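Student: I am new to this structure. Please take one helix and look at it closely, then show me what lies around it and beyond it.

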Amino acid sequence: MSEKTAPGARARSAKVGLRRYLSARMLPLVVLLLVLVSASAPLAYAALQARGLREQARTTAVQAADAIAREVQERPVLWRYDAGKLLAHLRAYVDNAGAARIEISDRSGVRIPLDTESIASPTAGAGPLAWEAAPIVLNEQVVGHAWVAVSLAEARTAALLLLGPFGLLGVGLAGLLYFIPLGAITRAERRIEQSQAALARFNQTLEQQVAERSSQLSEAYEQLRQKEGRLRELSARAVLLQEAERRVIARELHDSAGQALTAIRINLQLMVQLAEPDSKVAKMAARTLTIVDATLEEIRRAVSMLGPAILDDVGLVAAIERLCDDFEREDLEISRELEVPDGGLSAALESVCYRVIQEALTNAARHACASELRVVLRVEPAHIVLEVHDNGRGFVPGERGEGSGGRGLVGMRERVELLGGNLRIDTAPGSGTVIRVELPRRALSDDGDDSAVVVA
């Protein structure tokens, strides 16, 4: 049960992690947006207002400096001590020009007290002041400076009033920026969870279908394998029945027709000996004797082709030795490495081994132009290995069926495969040929008893 719920737990933890990750990454951006939207407009407004007030103070300072310059020109000495007209004029600047305070300094920067009372507006001390100065020029010489201060209190108050609505606007925009993506992520995760649930259900259904289909395929494969095994067994038994029938026919020819022809040959020899020389009877008997000899030779050849009766007479190893002796000649040397267990092999395996070696030697002698042949027969725990090597001219695999041997190699392969074995041919033009056969030691049934079908 824990294994089934693990994917859901992993999905929920992935969802929470994604929201936390997105919140952690968006929070600084939201705070920055809130600060920018809330403070940018008030700060910009305060800066513009301060700039305008400074320009106004600078203009007022220039006007005051001109007025003082004219007063100094009219009364060069007394203006410092009795400047009632100048004081009234400067107070008019404070009242009319919006200046918060006016100060006069000499060229060394020392403040000049023009009046016992400060030239300032009643609200001059109610907030920060911004000072601007203008030079007092007399005869092209700077004799002092006129300083004018303006109050920034109203600008600061207006900026603070703007901070409220823009703060609300910043909060709204920041909230939209923060919650809209999170809402979208939540909806997307909900859809993903639904899709995962549907996919899990489909996955479970698919796994069940795959398991059922796999079970059906396994059963079908097992049935096919059993049928193939039975078919292979039946095919092998059919081959063995055919081989046994051929042996029966061969023995009948050898025992019946062969013996009868041998008796006829003996009688003909007696007729030739008893008849007058050069008589018609003697000549006819001699011609008939020649025909009988040819017929006996054909019967022996047919017997040899129909069934290797020699296997029943001398066994597999001796039969292969005699077969090699028959093919060996002055220009063809055949070496043998033959190993057979003491109990021998089943009749089916012995017959196939003998036929394969017989066909391989025939092909090598006829087509390979080889000077050396090597026949190997060894028994391994699970297989019987049969190899025939030659140093002949070789051939291109696939040409003329299975090579220069034509139908013979095809027949070899069919015999081997009917007993559950396999045949491999390694060859190339100019490189000789190696025929390798592997046969299972139990060719027909689990008990290996195939002798019942070999009746000859």
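**A helix and its core**

Tutor: Right after helix α7 comes Cys369, with a positive phi near 55 degrees. This is a predicted model, where local features need pLDDT of at least 70, side-chain atom pairs count only at pLDDT 80 or more, and totals for chains, interfaces and linings use all residues. Numbering starts from 1 along each chain as its sequence is written, and side-chain values use heavy atoms, without hydrogens or water.

Now the helix itself. Helices are DSSP runs of H or I with at least four residues, strands are runs of E with at least two, and both are numbered from the N terminus. α7 has 22 residues. Its first and last C-alpha atoms are 30 Å apart, close to the expected 32 Å. That expected span is 1.5 Å times one less than the number of residues. Most of α7 is covered, with 17 of its 22 residues buried. Buried means under 20% relative accessible area, with a 1.4 Å probe and protein chains only.

Next, the core. A nonpolar core is a set of buried Ala, Val, Leu, Ile, Met, Phe, Trp, Tyr and Cys residues joined through side-chain atoms within 4.5 Å. The largest one holds 37 residues, and Leu316, Leu361, Ile435, Val437 and Leu439 touch the most other members. At least two residues come from each of α6 (316-327), α7 (347-368), β5 (372-379), β6 (383-390), α8 (407-418), β7 (422-427) and β8 (433-440). α7 gives the most, ten residues.

Take Leu361. Beyond its neighbours within four places in sequence, Leu361 is in contact (heavy atoms within 4.5 Å) with Leu323, Cys324, Phe327, Ile334, Leu373 and Val375. Another core lies apart from the largest one; its 19 residues include Ala64, Ile112, Ala130 and Val150.

Finally, an open sheet. Three strands run in the order β1-β3-β2, with antiparallel pairing; two strands pair if DSSP finds at least two bridges between them. β1 and β2 (129-138) are at the edges with a single partner strand each, so one side of each has no neighbour in the sheet. Between β1 and β3 (residues 141-151) there are six bridges. Across this pair, Ser105 stands opposite His145, and Glu103 stands opposite Trp147. Five of the six residues of β1 (residues 101-106) are buried, so β1 is largely enclosed by the rest of the structure.

Technical notes. Buried means under 20% relative accessible area, exposed over 50%, partly exposed in between (1.4 Å probe, protein chains only).
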